[in-house]
Amino acid sequence: MSLPLLLLLLTILSSAALSAAEIRSTETRSDARPLILLDEFGFTHRGQLELNVTHLSLSGSTPEPPELSKLGFFLCTIDAWAHVLQQIDDAQINCVLQSDAIKRVFTFDQLPTTTAGAFNFSYAESSADQYTLIFANCIPQLKVSMNVRSAMYNLEGGRSNRRDYLSAGRTILPRVYFLLSLIYFIMAAFWINVLYKKRPTVFGIHFFMLAVVLLKALNLLCEAEDKSYIKRTGSAHGWDVLFYIFSFLKGITLFTLIVLIGTGWSFLKPYLHDKEKKVLMIVIPLQVIANIAQVVIDETGPFGQDWMAWKQVFLLVDVVCCCAVLFPIVWSIKNLREAAKTDGKAAVNLMKLTLFRQYYIVVICYIYFTRVVVYGLETITSYKYFWTSVVAGELATLAFYAFTGYKFRPEVHNPYFVIDEEEEEAAVEQLKLEDEFEL
């Protein structure tokens with residue numbers, strides 16, 4: 001096995017944010033890859049792995065009967081790869097299955113002579129750590145075909161010995177998502193009460209905000225049920241479909257809301273300019289692509305040959321969407337700066353400009369935290385505390401929703417125009433200072 005292939009595998013393992021493990025079924029047909037990633041799981045000291053392999057066949061032009069000990073399944077941690085790479089580099093081994101740094105689960109020389117292309121195997125892992133299940137083929141030109149059903153789980157303590165199909169560090173997620181969904185439902189109820197009490201000052205954007213909060217609450221509720229079923233049975237039982245539907249609707253409505261607020265729609269004008277409509281025409285299809293990529297990533301796992309390509313598509317589309325929603329805010333800031341110098345309403349325009357600036361900064365902070373900081377937490381945090389990065393991202397989202405609702409809540413005065421005499425005088429002075437500075 002070549003060093004570049006091992007380096008590539010190490011890169012994938014260290015950068016991929018995998019979905020929660022569950023019972024997975026993999027079909028491999030005439031595959032000559034030296035390494036096939038199957039799944040990743042965080043074991044406790046009572047970890048279990050069950051393998052069911054069917055329709056097993058070997059093909060290819062090999063000069064002699066294949067050495068079956070060079071074919072098999074193994075578990076490995078990211079840290080163990082450093083030792084494996086050193087052994088390969090020092091020519092101590094020529095196959096990863098020969099390394100003492102890995103946990104060999106099953107090699108094909110253990111196959112009974114009576115097997116008919118199918119076998120079952122159970123493996124107990126008592127060393128708690130984050131492991132990746134991999135199939136290794138160290139025989140060049142040999143192609144492997146098989147169906148693999150893998151189930152990794154931890155046994156809970158006590159006499160029940162119930163199976164927990166969620167990785168260690170994720171097992172608490174059903175309760176986290178359910179609690180967060182309750183918070184959003186309470187937030188929605190509070191927002192409905194605000195809209196009812198201040199009916200004369202309610203704009204269309206306020207109802208759109210309510211829809212965004214409700215979709216977020218339903219998304220979290222479905223995710224809680226999805227993870228709960230996986231935890232108990234290893235399968236989502238259809239809850240993943242509802243989760244993907246509400247995730248798609250939540251993503252589209254949230255990005256649309258940011259664009260609408262950034263343009264001042266409903267508050268300042270009942271229409272959108274052509275270039276603002278074009279932004280929405282870009283964001284919505286990109287969200288469709290992002291959600292398709294997310295479904296493929298979650299459902300196929302890292303073993304798919306196109307998994308990494310879909311992962312890159314998702315990240316690229318997400319970054320483009322985040323950048324696109326900032327343009328309307330930038331355009332509004334530019335227009336208000338020009339209007340503040342020409343229409344004689346310096347104070348009011350400066351107040352609107354200040355609000356747009358605040359929202360622009362908050363949107364950037366929200367995007368940066370949920371896309372960069374949270375990913376950093378996933379990378380540096382131990383697998384046992386994976387849930388902390390999820391909580392951090394969800395709390396940042398909750399804070400963003402709360403800020404948006406507070407700043408643009410229904411009031412007698414339009415939030416873009418709220419300004420008193422002292423602020424007006426200060427605004428005029430600030431404009432004068434900015435003009436002098438520019439001159």
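Colleague: Hi! Which side chain does Glu-394 meet in a salt bridge?

Modeller: Lys-216, going by this predicted model. The N to O distance in that salt bridge is 3.1 Å.

Colleague: And where do Glu-394 and Lys-216 lie?

Modeller: Glu-394 is in helix α10, residues 386–407, while Lys-216 is in helix α4, residues 204–233, so the pair ties together parts that are 178 residues apart in sequence.

Colleague: Nice. Is Glu-394 buried or exposed?

Modeller: Buried, with a relative accessibility of 13%. Lys-216 is buried too, at 4%.

Colleague: Switching topic: what does Arg-162 pair with?

Modeller: Glu-156 is its salt-bridge partner, and their closest N and O atoms are 3.2 Å apart.

Colleague: Why does Arg-162 count as exposed?

Modeller: Because its relative accessibility is 53%, and exposed means over 50%. Glu-156 is partly exposed, at 21%.

Colleague: OK, how about Asp-226, which residue does it bridge to?

Modeller: Asp-226 forms a salt bridge with Lys-227, and 3.7 Å separates the closest N and O atoms. Asp-226 is buried, with 5% relative accessible area, and Lys-227 is also buried, at 11%.

Colleague: Which residues are linked with Asp-226 in a network of salt bridges?

Modeller: Glu-223 and Lys-227 join Asp-226 in that network.

Colleague: Last one: how many salt bridges does the count come to?

Modeller: Ten. Among them are the Arg-162 to Glu-156 pair and the Glu-394 to Lys-216 pair we began with.

Technical notes: Residues are numbered from 1 along each chain as its sequence is written. This is a predicted model: local features need pLDDT of at least 70, side-chain atom pairs count only at pLDDT 80 or more; totals for chains, interfaces and linings use all residues. Side-chain values use heavy atoms; hydrogens and water are left out. A salt bridge is a side-chain nitrogen of Lys or Arg within 4 Å of a carboxyl oxygen of Asp or Glu. Buried means under 20% relative accessible area, exposed over 50%, partly exposed in between (1.4 Å probe, protein chains only). Helices (H or I, at least four residues) and strands (E, at least two) are DSSP runs, numbered from the N terminus.
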